[in-house]
Number of protein chains: 2
Amino acid sequence: MNTLSSINYPIFFDNSITELVKFIKQGDYSRFFVLTDENTAKHCLPVIREQIDDLDNFDIIEINSGEESKNIDFCVGVWKMLIDFSADRQSLLINLGGGVISDLGGFAASTYKRGIDFVHVPTTLLSQVDASVGGKTGIDLDNIKNIIGTFTQPKAVFIEHAFLKTLPARQILSGLAEMLKHGLIMDAGYWNLLKNSDLKNPSADLIYRSIEIKNKVVIEDPHEKGIRKSLNFGHTVGHAVETYSLVNDENPLTHGEAIAIGMICEAKLSHMQAGLPETALNEIVDTINSLYPKYKIAASCYKKLYSIMLKDKKNQSGKINCTLLTNIGQCRIDNVCTEEELCESLSYYSTL
Amino acid sequence: MNTLSSINYPIFFDNSITELVKFIKQGDYSRFFVLTDENTAKHCLPVIREQIDDLDNFDIIEINSGEESKNIDFCVGVWKMLIDFSADRQSLLINLGGGVISDLGGFAASTYKRGIDFVHVPTTLLSQVDASVGGKTGIDLDNIKNIIGTFTQPKAVFIEHAFLKTLPARQILSGLAEMLKHGLIMDAGYWNLLKNSDLKNPSADLIYRSIEIKNKVVIEDPHEKGIRKSLNFGHTVGHAVETYSLVNDENPLTHGEAIAIGMICEAKLSHMQAGLPETALNEIVDTINSLYPKYKIAASCYKKLYSIMLKDKKNQSGKINCTLLTNIGQCRIDNVCTEEELCESLSYYSTL
């Protein structure tokens, strides 16, 4: 395992915190700001601090953990903290946390003084294999996920496998959904490897391979004009279910739990219109269902879920656009799905 | 006079509204949104509407005119309108108005769904010669001008000289300050031409030349790493005075009035530390003072103005950074000015 090259920036896997400290020391930065939440401030920040000799130029900006923080109010809070700390254009923002921290921090940095540098130190499996690589920043508005954001690349990403040890099992499962997706859309061998691995504690090698797949796609198509849409498999239905759950459930679904549901529904759609064989559909459904708890979606909610999908960023001219599988390890982008088809896929999930 | 080429986009000068309509018809856009204020909705929007055959795909987003609208609340308002109108990624935002409209509209568009296309139709002299060209978008926060924004180029700019006819004289003067600046930093011949022209009604040719100068600079240095800083002449002191006035005066200074003051102060600083000859200083002061009303700045305000300057985007490591003139038509970037020097320049302005 070594360092991956992404769009003008490196992704470090070995001795990542040492590499981060080296990056900080070698860079021409005037000030450093670490964006954390209460969890990473407790579990991860000390690991970094103990390796830094001079902490005078470091300030901490802490926000509440959870998707509820990924909105414009918290973003304004980060901007105001940067102003109060007199952050200039030569400042570096270090996003230490999960996807909320990297998405929100990336957006705040990419727009503060028309853009200051930032790096990601993803501390959850989900953010390691998904949010930290690819240059998408974003916040939610009106309960629409990532509706506001920019395409801005970080200056570096530091993947520290040891940080995963402090994660609850549910958070590991959340990231695992994206790893399964990477296999399903692009690499049948990787999918088979995952099926036969200890998925409660994914190894550093499995994570490396997942990031390698995502990185290859985003390098080819950074602004999601074509092939990058393949990464949206499971996300049309999944985002809608996630949004719905966030608003309605006391204990909302994690991103990965919602994407797991989305992948089952979209695998069904793949079977219906993209030629995914029934055996493959069953294999996908069995694998996902053995890992993730069942979520109850009443038929009376389908209309609401459909109306959320209608606001999806990926739509074109009011039509809902899905990435579907033609087989395990192969996908096809830009498939229009009708309300009837989407409801049928939700109904399929419910009857499993 | 013809079309200028900027960074991947054209700036139209002749038959601009016809060109806009052509652009709209030829583009592959799903929907069109026009951002206006109450003034441009009344005076300029009808000129465009009468040339469009099919208005079904057009929606209007109107905000209040004035710098007070250039904040995150109005930006969220624009985002929410785009969401409510179901604007997809193939939508085009047409910014029809002055600098507030183009800065705010550009920022809203550059971040909605991670960026939709936008064009500028600047309707004030100031926005024609300044805000519409160069790809800076922005909003104010905590009374700091343009502290949040992106570098994003419009797809086209349409300069319609006829729109200036509806402008009050004070608005013409506001734009004129930037034209004078273009001469002072880059082109002594243009400065002399301006001095001998009817500046109450600047001709289309004078405006073209001003945009040509600005465009040349931003093409060379889009992200303001070097030569583009020359455009900041007058803006370190000017922005501070503008911010101060916006907060404290019932009838605040226009941008150009503030920049006129800033140019006098920074011409004085240029004389003090960059070798601007005294005759040139006097010529600049006399020209500006003959055009702009005197503004009273009490000595007791200098500390406050300095504290505003300390928050300027252009500072580095807490030091205030000015662009100064070495002569008329020539400038030097990155001059550090101390609190004493800045106060002396303010005091110089006050004693004139």
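## Exercises on a predicted two-chain model

In this predicted model, 35 residues of chain A are in contact with 35 residues of chain B. The exercises below treat the interface, the relation of the copies, and two individual residues.

**Exercise 1. Determine how much area chain A and chain B bury between them, and what part of it lies on carbon and sulfur atoms.**

Solution. The two chains bury about 3,100 Å² between them. Of this area, 60% is on carbon and sulfur atoms.

**Exercise 2. State the count of salt bridges between chain A and chain B, and describe the one formed by Lys80(A).**

Solution. Step one is the count: four salt bridges link chain A and chain B. Step two is the pair itself: the partner of Lys80(A) is Asp142(B), with 3.4 Å between the closest N and O atoms. This distance satisfies the criterion, which requires a side-chain nitrogen of Lys or Arg within 4 Å of a carboxyl oxygen of Asp or Glu. Step three extends the view to polar contacts, for which the rule finds eight residue pairs across the interface, both residues at pLDDT 80 or more.

**Exercise 3. Identify the elements that give two or more residues to the side of chain A that touches chain B, and classify the residues of that side.**

Solution. The elements are α4 (72-84), α5 (99-111) and β8 (144-148) of chain A. The largest share, five residues, comes from α4(A). By class, this side of chain A has 11 nonpolar, 13 polar and 11 charged residues.

**Exercise 4. Find the operation that superposes chain A on chain B, and deduce how the copies are related.**

Solution. The operation is a rotation of 180° with 0.0 Å of shift along its axis, and the RMSD is 0.0 Å. The two copies are therefore related as by a two-fold rotation axis. The same surface serves both copies, as 100% of the contact residues of chain A recur in chain B.

**Exercise 5. Decide whether Thr287(B) is buried or exposed, and describe its surroundings.**

Solution. Thr287(B) belongs to helix α12 (residues 278-291) of chain B. Its relative accessible area is 13%; the limit for a buried residue is under 20%, so Thr287(B) is buried. A polar atom of its side chain lies 2.7 Å from the backbone oxygen of Glu283(B). Leaving aside residues up to four places away in sequence, Thr287(B) touches Trp191(B) and Lys195(B).

**Exercise 6. Locate Gly97(A) in its strand and give its separation from Ser132(A).**

Solution. Gly97(A) lies in strand β5 (residues 91-97) of chain A and counts as buried at 2% relative accessibility. Its C-alpha atom is separated by 9.9 Å from that of Ser132(A), 35 residues apart along the chain. Beyond four places in sequence, residues touched by Gly97(A) include Thr40(A), Val121(A) and Ser127(A).

How values were computed:
Residues are numbered from 1 along each chain as its sequence is written. Chains are lettered from A and ligands numbered from 1 in the order in which they are written. This is a predicted model: local features need pLDDT of at least 70, side-chain atom pairs count only at pLDDT 80 or more; totals for chains, interfaces and linings use all residues. Side-chain values use heavy atoms; hydrogens and water are left out. Contact means heavy atoms within 4.5 Å. Buried area is the accessible area (1.4 Å probe) that two parts lose on being put together, summed over both. A polar contact is a pair of N or O atoms within 3.5 Å; within protein, one must be able to donate a hydrogen and the other to accept it, and residues adjacent in sequence count only if both atoms are side-chain atoms. Helices (H or I, at least four residues) and strands (E, at least two) are DSSP runs, numbered from the N terminus. Ala, Val, Leu, Ile, Met, Phe, Trp, Tyr, Cys and Pro count as nonpolar, Asp, Glu, Lys and Arg as charged, and the others, Gly among them, as polar. Copies are superposed by least squares on the C-alpha atoms of residues with pLDDT of at least 70 in both. Buried means under 20% relative accessible area, exposed over 50%, partly exposed in between (1.4 Å probe, protein chains only).
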